[in-house]
Structure formats: structure tokens, C-alpha cells
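Biologist: Could you take me on a close look at the largest pocket, and then at whatever lies around it in your notes? I would enjoy one connected account.

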Amino acid sequence: MSNLDEIARDQEREDARAAHRRKRRSTQRPGASAVGVLGELLITAGVLLGLFVVWQIWWTDVEGARQANATIEEFNDGLVDIPAQAGEARTDEPPPEPLALEGNTFAALWVPDWGTDYKFPIAEGVDRPTVLDAGFVGHYPDTAMPGEVGNFSVAGHRQTYGRPLYDIDTLAEGDSIIVQTHTAWYVYRVTSHQIVDPTQVDVIAPVPGDPSAEATEEMLTLTTCHPLWSIAERYIVHAELDHWIPLEDGMPEELLEES
């Protein structure tokens with residue numbers, strides 16, 4: 001047999017194998033291609049979900065903190081010169097704070113136990129897009145103003161968007177929560193914690209837990225979601241006013257210790 005015959009036979013065998021492979025592909029079950037498409041869709045969905053998680057966990061914190069810091073700088077521009085000394089603690093009735101317009105920043109929240117970098121703007125209202133998701137702490141309308149008899153009540157995110165109240169569960173009885181306005185410092189002391197259902201709105205009543213009672217104390221209430229990554233419940237911290245200090249007299253001792 002010549003070499004040409006041998007080459008021809010090899011070519012025929014190769015053609016036969018190729019035809020067999022084409023036939024097998026053409027007779028595959030229709031579901032096989034559908035499974036392949038579904039797999040690709042699931043991979044794509046997984047990538048998109050991962051990007052969403054990165055945005056939700058990390059980027060919203062970056063944006064919230066950036067907005068909060070910019071707002072704090074604007075807030076500081078309107079303050080009097082504050083001496084870097086301990087101001088005299090006063091327990092007489094402070095002058096009334098002016099009411100704020102919806103969305104406007106009128107105060108700042110300090111929590112010395114949460115570090116020297118902790119300072120968040122307090123804006124009027126608890127609208128999610130314009131206040132809470134902007135990295136602010138929001139003041140519940142119709143609750144008391146800082147230093148006023150009643151219950152100065154605020155809300156903030158515990159996760160994402162700057163997470164201003166992330167460490168709320170670390171506050172202990174007697175810890176300071178300080179509210180700074182354009183005229184004074186109001187130093188509150190933590191008195192109690194609660195975990196409640198979202199419908200239990202009497203926690204921000206003038207007398208928490210007793211909406212029909214008449215307020216006689218100056219209180220502060222922090223509210224946020226609980227547990228982490230859930231909105232099933234609310235974590236509540238109550239505090240009572242210990243003293244106040246005019247801005248021009250100096251600063252609370254706790255902030256000087258941290259500075």
C-alpha cells in the first residue's frame with residue numbers, strides 16, 4: 001500500500017470521528033444548554049450581589065462620614081471662640097434653644113467614651129434620605145430641645161451611612177453623652193438601656209414609657225436599630241441632664257481629657 005493510500009485512510013477516519021462528534025452535540029438534551037445559561041446568570045447575579053454588599057457596607061460609610069465631617073465644619077464656622085479650659089458646670093435653667101427647620105443642622109453629638117474623633121451633626125427630623133442616610137443624627141420633631149424639660153430624642157444608623165450609633169450597646173450607666181449647640185454644652189449621663197419593638201414609640205415620650213405623665217426632668221434618648229444588620233427591634237439608651245456650660249466659658253472636662 002502506498003503512502004498516499006495510507007494518508008487517505010487516516011483522513012477518512014478523522015472525518016468519521018468529526019462527524020460523530022457533531023452528531024453527539026446535535027443530539028444533546030435541550031436542558032443542557034439551558035443549565036449553562038442559568039449558570040452564567042447565577043455567576044453574574046453573584047458578582048452584582050457582591051458589588052451591592054461592598055457598596056452597602058463600605059461605600060455608604062465613606063459617603064456618610066464625608067458628609068458628616070463637611071457638615072461639622074460648617075457647624076463649627078458659626079461658633080463663638082471656645083476657651084480650651086474646663087467651663088463651670090451649671091445646673092440652673094439654661095436659656096431656651098431656638099427651634100430648627102426640617103433638615104437643618106443645629107447641634108453636634110459627642111460621646112467621649114467613643115473616642116476623640118467621634119462628633120456627629122444633629123439635624124432636625126428623622127427623614128431617611130435627607131438626614132439619616134446623609135450620615136446625620138436626626139432629632140425627632142415635637143420632642144424637647146437640648147437642655148429643655150422633657151425628652152430630647154434622636155435617631156441614627158447603627159450600620160452603614162456613617163453608623164453614628166454603632167457602639168450604643170457599650171454605653172454604661174453614668175457615661176457622658178454631650179450635645180453641643182451654638183450657645184452651650186449639655187452634658188447628659190446615661191441612666192438605662194432598653195430593647196423594644198419598633199412600635200413602642202413611648203420611649204421618646206416626655207416621660208419615657210408614660211406618655212400621659214408630665215415631664216419634670218431634662219432627658220435625652222438615643223434610638224437605633226437592633227440587632228446589627230436588622231430592623232426587627234430598637235436599641236434605646238436614656239440619659240438625664242447633669243449640667244450645662246455656656247460655650248464662651250470653656251468645655252466639658254471629658255472633652256479636655258480626650259483632647
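Modeller: Happy to! In this predicted model, the largest pocket has a volume of about 630 Å³. Its lining is made up of 28 residues, and those closest to the centre are His157, Thr224, Cys225, Ile231 and Arg234. Two elements, β7 (218–226) and β8, each give two or more residues to this lining. Of the elements, β7 gives the most, with three residues. Sorted by class, the lining of the largest pocket holds 15 nonpolar, nine polar and four charged residues.

Strand β8 is a good thread to follow from here. It spans residues 233–246 and carries Asp242, while Arg189 sits in strand β6 (residues 184–196). The side chains of Arg189 and Asp242 meet in a salt bridge, at 3.9 Å from N to O. That contact falls inside the definition because the cut-off is 4 Å. The two residues are 53 apart in sequence, so this pair ties together separate parts of the chain. Arg189 is partly exposed, with a relative accessible area of 25%, and Asp242 is partly exposed too, at 37%.

Arg189 has another partner. With Glu254 it forms a salt bridge at 3.0 Å, N to O. This pair also links distant parts of the chain, since Glu254 belongs to helix α3 (residues 253–258) and lies 65 residues from Arg189 in strand β6. Glu254 counts as buried because its relative accessibility is 14%, and buried means under 20%. Taken together, Arg189, Asp242 and Glu254 are linked in a network of salt bridges.

The structure holds six salt bridges. One of them joins Arg90 and Asp92, whose closest N and O atoms are 2.8 Å apart. Arg90 is partly exposed, with a relative accessible area of 29%, and Asp92 is partly exposed at 38%.

For a companion to the pocket you asked about, turn to the second largest, which has a volume of about 240 Å³. Among the residues that line the second largest pocket are Trp114, Asp117, Tyr118, Lys119 and Phe120, and also Arg163, Pro164, Tyr166 and Asp167. Ala65, Asn69 and Gly162 belong to that lining as well. By class, the lining of the second largest pocket divides into six nonpolar, two polar and four charged residues.

Terms used
Residues numbered from 1 in each chain as written. Predicted model: local features only at pLDDT ≥ 70, side-chain atom pairs only at ≥ 80, totals over all residues. Heavy atoms only, no water. Buried < 20%, exposed > 50% of the residue type's maximum accessible area, 1.4 Å probe, protein only. Helix = DSSP H or I, 4+ residues; strand = E, 2+ residues; numbered from the N terminus. 1 Å grid on protein atoms, 1.4 Å probe; cavity = no way out; pocket = protein on both sides within 12 Å on 5 of 7 lines; lining within 4 Å. Points joined across faces, edges and corners; volume = space filled by probe spheres on them. Nonpolar A, V, L, I, M, F, W, Y, C, P; charged D, E, K, R; others polar.
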